[in-house]
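Colleague: I should like to learn how to read the features of this model one by one. Could we take them in order, with the general idea before each case?

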Amino acid sequence: MAVEARKSDFTGKAHVALNDPKLRANFRRAMDGLMTKRAAQFADAEEWTSLRARGAAIRANALAKLPELLELLEANLTRNGIKVHWAETVAEGNAIVLDILQKAGAKTVIKGKSMVSEEMHLNAHLEANGITPVESDLGEYIIQLAGEAPSHIVMPCIHMNKVEIAELFADKIKNLTYTEDVDELCAAARAALRGAFAGADAGISGVNFLVAETGSLVLIENEGNGRLSTTLPPLHIAVTGIEKVIERLEDVAPLLSLLPRSATGQIITTYVNMISSPRKPGEKDGPKEVHLVLLDNGRSRVYSDVQLADTLRCIRCAACMNHCPVYTRVGGHTYTFTYPGPIGKLLSPQLEGLDCAGDQVHASTLCGACAEVCPVQIPIPDLLARLRTEAVHPTSVAVKGGGSARSLADSLGWGGWTAMYSSPLVYKISTRVMGLVGNLMPASLPMLKQWTSVRTKPKFAAKSLHQLARERGFSNE
Amino acid sequence: MSSAKDRIMARLKGAPKRPASALPDWTPPAFGDQRMARFRAMLEAAHADVHEVPAAEWPERLRVILADKGVGSVLFAPKTATGARLAQAWSAGESPKLVAYDRSVEDIKDQLVHEVDAAVTLARGGIAQTGSLVLWPTPDEPRLMSLLPPIHVAVVDKSRIRDSLAETLSAEGWNTGMPTNAVLVSGPSKTADIEQTLAYGVHGPKELIVLVIEGEVE
C-alpha cells in the first residue's frame, strides 16, 4: 500500500488528471448519474428545506454539547458492555486497534468500509504487524486488490471502469475466467470473500452515527458486508471520529432521511444496522466483544474555533464532491489526502495543517454548489475563504500551519497596493506610469506569468478613469 | 501523565461555548390509507417480492414460492411461533428440508455460510415511507438468519406497518431499551460499485421475499 505523501501537490496532480480522458469520462459519467438521482429525491423543495434545517440543527446542537454527549455516550456504551477507547492521534488509534487484536490472538481481520480507518492508514499498520486485513465492501475490495486508495468517500473505486475491474479480477482472483459481466464480477467477489468472512478472527467497521442517549452505533450500507463484519467474527472493533455523536435516537430519523438520499439518491440504504451490545448470554451469534475507538486527530483543535467547527457537522454523504465542478474534472486522487472534494479541501488543511495541504483551499472557484446541496448546511465556501485568510494572516490556534502561505513577494505586492490606494498622489503617479509602460511589460514576467499562462494579459487603457471623466466635464466631486 | 481522553476533553471543554438551539419543526410523512400501497411499491422498487397472504395460509404459499425457485434447504427458528408454524405446516407433503438455527454460530458456521438456500424470519414491523422491514433478532431468531442465506423470507403482520422511522421510534419507545442489534432491511443486498450498475446479492441475500400477513391464524 502506498504511503501517503506528506504534502499535497494539487496543481501538479490536477494537470495529470485533466489530461487523462479515461479518468475524466469515468468521473463525468458517475457524477452526472449521482446528481440526477439526488435531484429526484429532493424534488419537493419544501420538504428538503425543512428536513435539512432539522438535520443541520441536530448536528449543530450535538457539537454545541459535544463534551457532555461524549461523556454520556461513553457511560451508556460501557453500561451496554461496549468498551470505549480514546485516541488523540492516528498513531494512538492504530496502537489501540493492534493491541486489541493481539490480545485476542487475531491474525485475519475482515473490514467493513470506514473512512476513518483510511485516515489512520490502519491496513498498512496491521500488515506491518503481521495481521491480514481484508476489505469486504466491493469498492474497497477492488481498490485493495489494485493497491490504491479510495477516490471517493462513498464509492471508493469510482475512478475505475468495468474493463479495468474485469482485468484486475482476472489477474488477482484464482480460477476466475475474464468477464466484464457485472453480475459475474459481483458473484466472484462474493465467493472470494465468503471464506474470508467465515475465517476472520475479528471485524473492523466505521460508524455513521453514535447515539449518546442509548449507547448505540448506527451503520448504514447496501451490501451486507458491514453487517457480516460486525456479526460473524467473535470480535468487533468500530473506529470513528469524536464528532459523530448525536444526542437522541430520534435524531437518527431525519439524518437518515438526508444521508442516503444526498449520497446515492436512495431513499434509504438496504441495511441500517444499530448495534447496542456485544452478544448477550443465550444469544447464538454476534461478536462476544465490541470495542469503539474514538479518534481525535485534530478534531478537538478545529472545535476550538466556533466558525471552523462547522466542518465537524459533516455526515460524509459526499454530495459536495458529486456536485463539485473541480472534483468532477480532477477526481479524488488529486487531493492526496483521505478526504477529497469540497469537504476534503476543508478537512485536510485543518487536520494535516495549512503548511501540508494549504494549496487545497485554493482549488475552488467558490461557486457554492457544495453548500447548496450540503444536507447539514456547512457553509463550505465561507470556510474556504476563512482558511485562505488564515494561511496568510493567522488569527486562531485552531488552524494548524496558519500563516504558512505568507511570502515576502506577496507582502511587498499587497503593501504596495495598499500604499497606492491610500494616497491620491501615489495613485495618480502610479496610474500614469502604468498607462505608459503597462502594455510594454512582457506576459512572461515572473509576477504575471501565473496569471497569463492560462489567460490573456489585460490591456492597460491609455487614460485613467479620472482623466476620462475630467475630459467629459465632470468636476472633482 | 494524563490520558488521551483527558487531553481531548480538556480541549473540548476549553473551547468557546456555543448555544444549542430549539430544533426547527419537521414532520415525517404520513400515508393514511395508502400505507400498504406505499410499503409494497417501495419494496418492489428495491427488487423485493411482496405477497399479501391471509395469516392461516402463509406457510403453504411459501412452499409454492420456494418450490418454483428450486430451494432445497431452509433455515428456521424452531422456538419461535413463526418457526413452529412452518415446521408444523411443512411436516406433511413435499417441502424443502428445514435446518434449525438452534445452537451457537460457532457450531453451525460452515452450514450457515455455505449451505442453506433460504431462511425464514419474523419482522417486528414495517415502514411504509422507505419500504423497510424492522428486525429485532432474538436468542431464538439470531442475527445471521436474515443475512447469510441467498434468500431471506420475512413474515410481517400488516397491522405492524407504520408510516415512518420517526413514528416507529417514538411510538414504540425504542430509546427506553435497545436490543443487542436492530436492523432495517429495505431490499436484497445490492451494490453499484462497478460503474454504477446495480447488482444484487453481493454479500447478503440475493432475494428478499416479504409475506405480509393479515388476520388470525385458524
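**Domains, strands and the interface**

Modeller: Chain A is assigned two domains, domain 1 (42-297) and domain 2 (408-471), with bounds that come from an automatic or database domain assignment. This is a predicted model, in which local features need pLDDT of at least 70 and side-chain atom pairs count only at pLDDT 80 or more, while totals for chains, interfaces and linings use all residues. Residues are numbered from 1 along each chain as its sequence is written, and chains are lettered from A and ligands numbered from 1 in the order in which they are written.

Colleague: What distance separates the centres of domain 1 and domain 2 of chain A?

Modeller: Taken over C-alpha atoms, the centres lie 55 Å apart. The C-alpha trace of chain A spans about 95 × 55 × 45 Å along its principal axes.

Colleague: How many helices and strands does chain A have?

Modeller: Helices (H or I, at least four residues) and strands (E, at least two) are DSSP runs, numbered from the N terminus. Chain A has 23 helices and ten strands.

Colleague: Which strands of chain A does β2(A) join, and in what sense?

Modeller: Two strands pair if DSSP finds at least two bridges between them. Strand β2 (residues 108-111) of chain A runs parallel to strand β3 (residues 132-135) of chain A, with four bridges; A:I110 has A:V134 as its bridge partner there. β2(A) also runs parallel to strand β4 (residues 202-205) of chain A, through three bridges, and A:K111 is partnered by A:I204.

Colleague: How should one read burial along a strand, for instance in β6(A)?

Modeller: In a regular strand the side chains alternate between the two faces of the sheet. A residue is buried if 20 or more other C-beta atoms lie within 10 Å of its own, exposed if 12 or fewer, and partly exposed in between, with C-beta atoms placed from the backbone. In strand β6 (residues 216-221) of chain A, six of the six residues are buried, so the strand is largely enclosed by the rest of the structure. A:S216, A:V218 and A:I220 point one way, and A:L217, A:L219 and A:E221 the other way. Over chain A, buried residues make up 51% of the 477 residues.

Colleague: Which strands pair with β6(A)?

Modeller: Strand β5 (residues 209-211) of chain A pairs with β6(A) in the antiparallel sense over three bridges, and A:F209 is matched with A:V218. These two strands form a hairpin with four residues between them, and A:G215 in the turn has a positive phi of about 70°. β6(A) also pairs with β9(A), in the antiparallel sense over five bridges; here A:L219 is partnered by A:N273.

Colleague: Which strand of chain B does β9(A) join?

Modeller: Five bridges join strand β9 (residues 271-275) of chain A to β9(B), and the two run antiparallel. A:I275 has B:N181 as its bridge partner.

Colleague: How many residues make up the contact between the chains?

Modeller: Two residues are in contact if their C-beta atoms, placed from the backbone, lie within 7 Å. By that criterion, 64 residues of chain B are in contact with 77 residues of chain A. On the chain B side, α1 (4-14), α5 (109-115), α6 (165-171), β9 (181-185) and β10 (190-191) each supply at least two residues, and α1(B) gives the most, with eight residues.

Colleague: Which residues are buried in α2(B), and which are exposed?

Modeller: Helix α2 (residues 35-45) of chain B has B:F39, B:R40, B:M42 and B:L43 buried. They lie on the same side of α2(B) because they cover an arc of only 170° around the axis, the arc being that of the directions from the helix axis to the C-beta atoms. The face turned away from the buried side carries the exposed residues B:A37 and B:A45. The buried residues of α2(B) pack against β1 (49-54), β5 (125-127), β8 (161-162) and β12 (207-214) of chain B.

Colleague: What phi does B:H47 take, just after α2(B)?

Modeller: B:H47 has a positive phi of about 80° although it is not a glycine. B:H47 is placed in the loop between α2 and β1 of chain B, and with 16 C-beta neighbours inside 10 Å it counts as partly exposed.
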